[in-house]
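Welcome! Here is a short tour for anyone meeting this structure for the first time. Have a look at the sequence and the model, then read on.

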Amino acid sequence: MNKKETLHSGKLYYPMGEEILEEQFIYMDMLREYNQTSASQQKERSLLLDRMFGSVGENCYIEAPFYANWGGHHTHLGKNVYANFGLTLVDDTEIFIGDDTMIGPNVTIATAGHPVLPELRQEGLQYNLPVHIGKNVWIGAAAVILPGVTIGDNTVIGAGSVVTKDIPADVVAVGNPCRILREIGEKDRIYYYRDRKIQGNIVTEDSQSSLEPGA
């Protein structure tokens, strides 16, 4: 196993090796270029995302500034993914984000961790575990998603939550540590926020079926 392969092995490794940093700096330089673009430079941003990220679906957009250990190189976006200002990706190994997912401002998605044992941390050792985020997920502002976590389709993660364990599909989950508050269900077909009713036929039959628990 070469040094680059250790990033994706889940094992302890030294992240400051020359072989690793040489490639990492390439994508960090692209990230700096992305963050220096203006909001009107949509084409330039799109081209940079394609070069920086592991894979990018159609109609994806990330507001600048955003931050990433590898410039998004180990991150894979489905289609129609949107991330608001201040996204931080600790993407030392792979992050998968499904179609139609929305990410609020100042969210952190981290794949990297460090051992609890002080002697190992003092040595500068690190391990990485991939993060999987499903389709049509909404991650609220300032949420933190920790290494190895999977979040199921259609789920809502409340603002400020710290997600330490897997969260299933079709639920609202909040808190630190993040816990399931409730399933997404019939009430959500009537009210879009507290006592505010969904007007008209905004929710189609197709979109309703996709919100059914377990769908």
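A residue counts as buried when its relative accessible area is under 20%, as exposed when that area is over 50%, and as partly exposed in between. Glu23, with a relative accessible area of 24%, is therefore partly exposed. Please keep in mind that this is a predicted model.

**Helix H2 and its surroundings**

Glu23 belongs to helix H2, so let us look at that helix. Helix H2 covers residues 18–35, which makes 18 residues. From its first C-alpha to its last it reaches 25 Å, close to the 26 Å expected at 1.5 Å a residue.

Which residues of H2 are buried? They are Ile20, Leu21, Gln24, Tyr27, Met30, Leu31 and Tyr34. The elements that cover these buried residues include two helices, H1 (3–6) and H3 (42–52), along with strand S2 (61–62) and strand S3 (67–68).

Helix H1 has another link to H2: Glu23 forms a salt bridge with Lys4, and their closest N and O atoms are 3.0 Å apart. Because Glu23 lies in helix H2 and Lys4 in helix H1, this pair ties together parts that are 19 residues apart in sequence.

**The salt bridges**

How many salt bridges does a search of the whole structure find? The search finds 3, and here they are:

| Salt bridge | Distance between closest N and O atoms |
|---|---|
| Glu23 and Lys4 | 3.0 Å |
| Arg182 and Asp188 | 2.9 Å |
| Glu186 and Arg189 | 3.2 Å |

How accessible are some of these residues? Arg182 is partly exposed, with a relative accessible area of 36%, and its partner Asp188 is partly exposed too, at 21%. The cut-off for exposed is over 50%, so Glu186, with a relative accessible area of 56%, is exposed.

**The open sheet**

Now for the strands. Strands of a sheet pair through backbone hydrogen bonds, and the pairing can be either parallel or antiparallel. In this model, an open sheet of 5 strands shows parallel pairing, in the order S1-S4-S7-S12-S15. Its edge strands are S1 (55–56) and S15 (150–151), each of which pairs on one side only.

At the S1 edge, 2 bridges join S1 to strand S4 (residues 75–77), and these two strands run parallel. Which residue in S4 stands opposite Val56? It is Leu77.

Terms used. Residues numbered from 1 in each chain as written. Predicted model: local features only at pLDDT ≥ 70, side-chain atom pairs only at ≥ 80, totals over all residues. Heavy atoms only, no water. Pairing = 2+ DSSP bridges. Helix = DSSP H or I, 4+ residues; strand = E, 2+ residues; numbered from the N terminus. Expected span 1.5 Å × (residues − 1). Buried < 20%, exposed > 50% of the residue type's maximum accessible area, 1.4 Å probe, protein only. Contact = heavy atoms within 4.5 Å. Salt bridge = Lys/Arg side-chain N within 4 Å of Asp/Glu carboxyl O.
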